[in-house]
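Hi,

Here is the structure I promised to pass on. Have a look at it first, then read my notes below.

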Amino acid sequence: MKISLWVICFALFHLSGHAHQDAGAPTMERIEYRCPPCGCNQDTLRFSNVGSCPTCKMPLVQVPQGAALMADQRLAPFLEAGMLGQLYTKIIYPVFAAGILLSFFLLFKSTKGKSLNVFLSGIILVLSLYGFKNQLFGVNYGLTSTYKSLFTPISFILLLGPLTFLYIKSLVANPFRWKPKYGLHFLPAGAMFLYYALLFVMPGQIKEQFMATPFEIRFGHMEQILSIFMGMAYLFFAHRLFVQWKIAHPIRNVTFTAWVFRFLVGMAGLFLFWGFMVLANFALYDFGVTTLSYNPLWLFIAVVLIWLGTEVVSNLKFFLLNKSINVSNGNQGVDEAGLSSLKDKLNLLMVDQKLYLDPNLSLDILASALDVNPKYLSALLNNSLKKNFYDFVNQYRVDEVKKRLGDEHNRYLTIEAIANQAGFRSKSSFNAAFRKQMNMTPREFIKQEVRA
């Protein structure tokens, strides 16, 4: 009996010791490998052994662990096969192709000698070409194509910053003239073009060997990082230029200033989101995965292109200008055609819609209806029509009172009641306006009409 107890105790001790040893021993995580971010149809698969990708022949890299692996497992299926993955192919390819066509079409479209600003066209074209290049590379892999498309020299993202700055400058400068020194802003993009052009003409075997080195991946990300930093810097100077212009031009077009604000905010959002995606790729994967970090980026760029295209196409009259829009809207900034059009619109609001009947009508309300800056409207009335806002509105109200006084249906109403119906808020303001315009009182006018 004692021997049996000793045997049982020894066995339990032996088993517990092994259990403790097993619990304290580190667990061996399964190491997997995958294709680097090249866009081939194998770059989302896992391989258990070190080697080369069956499709692109690039050396496989180790699949990261920890947070990167968790993101890979939870986000990748959604980005590849989920709702975002389904939208991806339906949006990306048509938008990038349409962006290229739209930029060329609007750049060369001429309406009465006016075309879309060349710098805005360039921004649309650069975003479209960059996205189209990367998507074309993925499509080519699906068609068992070569590396040639990866090095197609149509990547000009280093132009985004300079184009943004020059676009704003071309709008606020009066007039804008191209200077040779502006060409210096395009030197980084020119150097990048030469780099891709040199690789483009290399034999396919050299391209494949180059792709198998980490340099190409690092170089592509450095191009993006440099574009983001340059873009934010140029955006800062563009915003400062716009603020300086607003201070110097208190009389300005509301539509123009609202568009510039939307444009600057939109470009800032693009650069910030792009920077966040690159940072996430580096922090989680050390630039080792494309699906998680770049599918959302391509979709975001597509959204930006849709937004820019919608802005332009929905208001061609506003955007199809060779140099700039009428931005200052002072005496010096208003051309005869624009002034005549604005007068016609003002007359339509006052005669047909009779805004003057509203006793609460103000300069701001009328300016909003005309889609102009209140200070601009005030300058227009004073300089072109030689009247201030109240005299301008009251002339319509006085004419309305005169018309109603001659209507027999109003003979039972008092003069003050008719004046209130015409938009006057008080008897004193009506009498003052009537006397100023007619050089007589309302009662003298009535007596004169009766004698007539």
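I'll start with one helix. Ser428 and Lys436 are exposed on one side of α17, while the buried residues of that helix are Phe430, Ala433, Phe434 and Met438. Bear in mind that this is a predicted model.

The buried four cover an arc of only 105° around the axis, so they sit on the same side of α17. That fits the usual geometry: with 3.6 residues a turn, residues three or four places apart in an α-helix point the same way.

The length of α17 works out too. Its 12 residues, 427-438, should span 16 Å at 1.5 Å a residue, and the end C-alpha atoms are 16 Å apart, which agrees. Just after α17 comes asparagine 439, with a positive phi near 60°.

Now for the nonpolar cores. The largest one has 65 residues, and the members that touch the most others are Tyr167, Trp259, Phe263, Trp274 and Ile301. Helices that supply at least two residues each include α3 (83-108), α4 (118-142), α8 (214-248) and α10 (291-314). The biggest contributor is α9, which gives 12 residues.

Trp259 is a good place to zoom in. Leaving aside residues up to four places away in sequence, this tryptophan touches Leu120, Tyr167, Trp307, Leu308, Glu311, Phe318 and Phe319.

There is also a second, separate core, this one of 18 residues, with Tyr356, Leu361, Leu381 and Tyr396 among them.

Cheers

Notes: Residues numbered from 1 in each chain as written. Predicted model: local features only at pLDDT ≥ 70, side-chain atom pairs only at ≥ 80, totals over all residues. Heavy atoms only, no water. Core = buried A, V, L, I, M, F, W, Y, C linked by side-chain atoms within 4.5 Å. Buried < 20%, exposed > 50% of the residue type's maximum accessible area, 1.4 Å probe, protein only. Contact = heavy atoms within 4.5 Å. Expected span 1.5 Å × (residues − 1). Arc of directions from axis to C-beta.
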